[in-house]
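Here's a quick tour of a few spots worth finding in your viewer. Have the sequence and the structure open side by side.

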Amino acid sequence: MADEEPGGAERMEVSTELPQTPQLLASWWDQQVDFYTTFLHYLAQLVPEIYSAEMDPDLEKQEESIQMSIFTPLEWYLFGEDPDICLEKLKHSGAFQLCGKVFKSGETTYSCRDCAIDPTCVLCMDCFQNSVHKNHRYKMHTSTGGGFCDCGDTEAWKTGPFCVSHEPGRAGTTKENLRCPLNEEVIAQARKIFPSVVKYIVEMTIWEEEKELPPELQIREKNERYYCVLFNDEHHSYDHVIYSLQRALDCELAEAQLHTTAIDKEGRRAVKAGAFAACQEAKEDIKSHSENVSQHPLHVEVLHSDVMAHQKFALRLGSWMNKIMSYSSDFRQIFCQACLREEPGSENPCLISRLMLWDLDLKLDDDHDRSISVTALSVQMFTVPTLARHLIEEQNVISVITETLLEVLPEYLDRNNKFNFQGYSQDKLGRVYAVICDLKYILISKPTAWTERLRMQFLEGFRSFLKILTCMQGMEEIRRQVGQHIEVDPDWEAAIAIQMQLKNILLMFQEWCACDVSLHVRLSRLGAVSRLHEFVPFEDFQVEVLVEYPLRCLVLVAQVVAEMWRRNGLSLISQVFYYQDVKCREEMYDKDIIMLQIGASLMDPNKFLLLVLQRYELADAFNKTISTKDQDLIKQYNTLIEEMLQVLIYIVGERYVPGVGNVTKEEVTMREIIHLLCIEPMPHSAIAKNLPENENNETGLENVINKVATFKKPGVSGHGVYELKDESLKDFNMYFYHYSKTQHSKAEHMQKKRRKQENKDEALPPPPPPEFCPAFSKVVNLLNCDIMMYILRTIFERAIDTDSNLWTEGMLQMAFHILALGLLEEKQQLQKAPEEEVTFDFYHKASRLGSSAMNAQNIQMLLEKLKGIPQLEGQKDMITWILQMFDTVKRLREKSCLIVATTSGSESIKNDEITHDKEKAERKRKAEAARLHRQKIMAQMSALQKNFIETHKLMYDSTSEMSGKEDSIMEEESTPAVSDYSRIALGPKRGPTVTEKEVLTCILCQEEQEVKIENNAMVLSACVQKSTALTQNRGKPIELSGEIVDPLFMDPDLAYGTYTGSCGHVMHAVCWQKYFEAVQLSSQQRIHVDLFDLESGEYLCPLCKSLCNTVIPIIPLQPQRISSENTEAVGQLLTLEQWIQTVLARISGYNMKHARGENPTIPVLFDQGMGDSTFEFHSILNFGVQSSIKYSNSIKEMVILFATTIYRIGLKVPPDETDPRIPMMTWSTCAFTIQAIENLLGDEGKPLFGALQNRQHNGLKALMQFAIAQKITCPQVLIQKHLIRLLSVVLPNLKSEDTPCLLSIDLFHVLVGAVLAFPSLYWEDTVDLQPSSISSSYTHLYLFHLITMAHMLQILLTIDTELPLAQVQEESEEARSASSFLAEVSQYTNGCIGCGVPGWYLWASLKNGITPYLRCAALFFHYLLGITPPEELLTNSAEGEYGALCSYLSLPTNLFLLFQEYWDTVRPLLQRWCADPALLNCLKQKSTVIRYPRKRNSLIELPDDYSCLLNQASHFRCPRSADDERKHPVLCLFCGAILCSQNICCQEIVNGEEVGACIFHALHCGAGVCIFLKIRECRVVLVEGKARGCAYPAPYLDEYGETDPGLKRGNPLHLSRERYRKLHLVWQQHCIIEEIARSQETNQMLFGFNWQLL
Ligand SMILES: [Zn+2]
Ligand SMILES: [Zn+2]
Ligand SMILES: [Zn+2]
Ligand SMILES: [Zn+2]
Ligand SMILES: [Zn+2]
Ligand SMILES: [Zn+2]
Ligand SMILES: [Zn+2]
């Protein structure tokens, strides 16, 4: 530095001499006199250089150079030291106050309803989690990008502006920190730098010369380099632009697409570089080509490369400025000052005004649409209260904004100077709204103190604003179309939208007014008149003028209702809707009613009513002599009269506006809520939606709701609702002015029904209204003026007159309501003041005779007559109420003046009471009669119902769960002598098969048929699916095609099973086939084919619409009974030893046979010693045979069809009826389905047999009987082959080459396969035989015992010795057996298995581990054989279960006795198992070994507080891309993986098709079926396969028991355990596919979604 000469400013033109490091540059800048000039000069040299490659920029390099050569030096210059170090210091000191984190799109932001100054004040996730607001009433929202965290901004928060990490002085107070880094020097530097930076940004942003730069920047030789630049606009579609570019530039589609995307993203794009002429030519070309495809040419400009570069940099510099500002609020202040500084000696307004004017111009100027917008900047500046106030005071910003609006508005004005938005696009108006938004930001925080200047400027601004309102008054006038219907519906949205936009502005103006006392009086008047939109000078204030417009509006509404504007189309109807809708009504409809109330209080009541009659054009209609036969006209009159009466009711009765009636804001809200809840109980969100919001989006609902309603929690589905408290019912006003027509009639109906149920009369008189404020007190005079009396009397007379049609019951009801209001008013007044002071004489007027004619009647007389008209029965109670009210008022009048008449008075009261009692008694009698009648009908109904259920039994059974023992199917099956039967399923003591004649009704043809093997088949609709519900190894890679899979043995991890479920609905096979064909045919014509995949046999159950893909044939159980004599004889001979020998002999016999034949390779090896069997080949037949069952062809056909489906879906292969794996898949799905159901029953804590749903029961029964029959569809040799492989696992002398080790198979699958395949050993060439019952019973017993022993070993080998089990018992017999058994086994494994484990522990673990297997076996044998299980398994008795299982399955309760009993036979087997090297290997890999009982799967744990999940999502980074683009993190509820959904980066190719990350994940995680939670949206989605999915309510509820999909409401959400549990059950019951199909059936909306890319 030292060698730098002073006065360098003069020499700076020599660029080579510029300092090279940021530090040096900074100190060189420091020495310059005029920073602005130096800075510009510097930029002039560098910027065009850096941004030279506009056509094909290297963005990374660009950014690097900017950082290096511009930003870093600037920061050095600002901080006076290394910026990184300084920022680090800032962070650790108190001065670093603002978080300032800039939000990315999709990020969650939090606001605090208790503490935020306005809803734009938000916190980032980290700050929120560390702030006090976490425990306040917060709101969560998803950012659309842009905006920043307001943590640390003391002006944004009422309390708690800092989170823990941004709290000043948090990071200790070391000496270093005492020197605040934001010291004077830095501030001084900022004062120096910011104005230059801001000025440059503004100058370049608003620079409009295309070829020239400002002279200060024009220092280099001007080059001849131009760009043809295309700008974004709203007239052209993507395709238009691409087309035009391709034509004009003669470029490839890809290049044109590239340009177009860039234009869309950045707003503009250079599409050609070159000399001016060339660019100009391209420009014209593009324009003309684009003009060909649409009426507007594209917006193209030719810009000099230097202009382009500087403008680009200006934007970048802006975002740098933003970053710097986020470091400290001091910086922000300085920035604002810089923006506001007026240039000395210049005509120009301050920078910000220039920028704003320019921005407003842009926003409003359609043809000059540049991308660079300062909107984001304005939010930042205007919402800083001090700055906003400053802007108003010093810059008169309100006027500036409104004047700007006014400048451009003439374009939108018609010849009457009213707005007319016809023909303008919404986009264009969007810019008007943006300007209005600026105004909103300015007004958002009310001033705490007023200065004279502020007041002046505010008033001036307000006056400008009123000018805008003037243009709105009477805008878009419409003329009633009398002849023809209008041709085009006019745009109406624009006018309504602008009303909505201005609504909040108006409210805020009023609030500003309210907070300044001196303005209050004048402006509150203005506020009230604001709807008039006209600045009426007070001198010529005329009430009629005031009333005119509101009245016209209301008349228009009435005429629309009377269908007089039918020919004006929908547009008008929509406008009328919005006029009264909650979003607009405050500023429109409500204000109009208030205006009329003002009018009524100021005008003579008769004059007022006459005016109303006139405007409604009803003067004729009330003419007594009117006689018209024109039905249409009568109808029209009637509607108009009703509408007018309603408005009159509102004018007199609606006093719930502070200032109109004596009410508080709270009471107003309470009343709104009461009336909503009178319609029906409602959820919180529905109430909130129906209440008007203030500018902070608050309705005030929470403050009052608990005073009028009670919250009713939701069940497992649905949502929580609020119910009105009984004491609030009395406030119900049938003619509540915010009721729509439907709401009105619903509420009336509800309230009458309720009163009826409570045995009360059905009168619904108005509740006593609150008192009017003094200014409005004269409104009530409308009630008792002569015209009103005339109107009422006319209506009553017409109702009595049988010839008159000019009345309706509705009209009558309103007349009653008005009467009631009048009487209530008089009563209230009389109760408050002495009689002589009450001038309100409604009673008197109503009692007067209508005329002097002979037959003249007063109103009471008319009422008495009305009471007698039969058609008006429904109004009787109300008339009675009114007549009583007349009496009451009369007595009140008399009581005070006629003291002597007290007796007569009390008499009348007595009379009154007598009649009252009489009526009461009468009502009671009627109610009793009605009750009896109801009862009778109910009895008839239930008789009918019973009949219906009887005839459609199956339909009902399958949908309802069996409850309790009475309905239990088991019970039904058992005959009276059930107790005599043995309840043992296996071995010699086996009980009888309990069968009963089964007659089923086809759901399609409704015909009954008995299920018999020789009959035509009946079938159950069913769905076969892959399942990971039981997996112990989630995410295990799945074979995408099962071509080479061998499914005979199931892995013990049960990773992928094949589940067969049924909805339990029965059809004839023939009927089903016809149905399926019909569906196929019709779907060829339908659009929504993807509902189900017909190709793979999918269809919806015709009755319950479950998704099915096959049918299970229903085959009856074959009754089996064994006689005890035979059994004993056989039992003597057939020991396990002998049984094994017989089986082996048979196998070896077959083996030799086959060896002779063509198929010699059945892989059977005999261990030594057993080869020379003395048993002969046929000995197996000696223990009993019977002939095979003959099934009907129809059944066979269905068996083949179903078996093939299981094979096809289970293995994901094309159908092949001859594949040898078909029987394996049959056994596999039997085993797996039983395991899944057993697991589910355990999960739900239900008994094994008593609680099965009927669909489960029917499904299992059909499945097992099918499995028995399945063997007929394939060669027995094939089944034998499979059987031998299965048996080789448990037969000591049989081992095939590929016998897996004991620890790598699921033994229950082996059991099921072996039992079902075993009959194949009875196959003979000549006769078709099967084992007899006795023979089978032994086979089952021995197979089961062998496999059980194998399983015991499995359990003991894999015991987890580290589990803390409480010692439950002393050394029991079982424990001792366990110890000694394990000691024995440990020898065979060479000590591989520890034997130090105590016996009791072994026994406890064994018993625990084997129970699921025993339960599965019990289910299996029950459905196979139909033998009644013991009582204990039908009820929920945990302690009895084990014993009952053992007894049913013929096991000793001390299972180790099995080994003792068969020791000699089993020992070689044990040795073989334990010595298997594969087994020892398995044991070593402790982590992957499967232990028993297997762990029960559940959905992942979710946090209670939803924001924790959002937090997780915010840390989510896509594993495959580094960019910060918006991601959709999705949580897999099966495994907890977070995936990058709906994004190309994480798509995968499966079988040549692209699938999204979720679909790909689901393939492995859930075998195609999965449950995901879209974290940012709080939505659950269920998916299946590649193309199906549906939304499902998330298990998170807000405190009002409602879900919040999309986080639209943003209330705090908490986990609902019940709902999550329900979701878990949907999964475990294998109902996901069903849910999806059902939701697609009902909600076709979701078809648009491409699930494949999820
Ligand atoms: Zn933050
Ligand atoms: Zn913070
Ligand atoms: Zn708070
Ligand atoms: Zn049928
Ligand atoms: Zn069904
Ligand atoms: Zn997963
Ligand atoms: Zn990704």
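Let's begin with a strand. In β10, Met-1018, Leu-1020, Ala-1022, Val-1024 and Lys-1026 point one way, while Val-1019, Ser-1021, Cys-1023, Gln-1025 and Ser-1027 point the other way, and all are buried. Put as a count, 10 of the 10 residues in β10 (residues 1018-1027) are buried, so the strand is mostly covered, with buried meaning under 20% relative accessible area. Keep in mind that this is a predicted model.

Which strands does β10 pair with? Here are its two partners, β11 and β14:

| Partner of β10 | Residues | Sense | Bridges |
|---|---|---|---|
| β11 | residues 1057-1068 | antiparallel | 9 bridges |
| β14 | residues 1110-1113 | antiparallel | 4 bridges |

To find these pairings on screen, look for Ala-1022, which stands opposite Ser-1062 in β11. For the other pairing, Ser-1021 has Val-1111 as its bridge partner in β14.

Now for the surface. Asp-56, Asp-58, Glu-60 and Glu-64 gather there in a patch of negative charge. One of them, Asp-58, lies in the loop that runs between α2 (35-50) and α3 (59-79). Is Asp-58 buried, partly exposed or exposed? Its relative accessibility is 45%, so Asp-58 counts as partly exposed, given that the partly exposed class lies between 20% and 50%.

One last stop is Leu-1316, in helix α45 (residues 1307-1317). Leu-1316 counts as buried because its relative accessibility is 8%. Its C-alpha atom is separated by 9.3 Å from that of Leu-1424, although the two residues are 108 residues apart along the chain.

Note on methods. Residues are numbered from 1 along each chain as its sequence is written. Chains are lettered from A and ligands numbered from 1 in the order in which they are written. This is a predicted model: local features need pLDDT of at least 70, side-chain atom pairs count only at pLDDT 80 or more; totals for chains, interfaces and linings use all residues. Side-chain values use heavy atoms; hydrogens and water are left out. Patches are made of residues with over 30% relative accessible area and no salt bridge: like charges are joined within 9 Å, nonpolar side chains (Val, Leu, Ile, Met, Phe, Trp, Tyr) within 5 Å. Accessible areas come from the Shrake-Rupley method with a 1.4 Å probe; for residues, only the protein chains shown count as cover. A salt bridge is a side-chain nitrogen of Lys or Arg within 4 Å of a carboxyl oxygen of Asp or Glu. Lys and Arg count as positive and Asp and Glu as negative; His and the chain ends are not counted. The place of a charge is taken as NZ of Lys, CZ of Arg, CG of Asp or CD of Glu. Helices (H or I, at least four residues) and strands (E, at least two) are DSSP runs, numbered from the N terminus. Buried means under 20% relative accessible area, exposed over 50%, partly exposed in between (1.4 Å probe, protein chains only). Two strands pair if DSSP finds at least two bridges between them.
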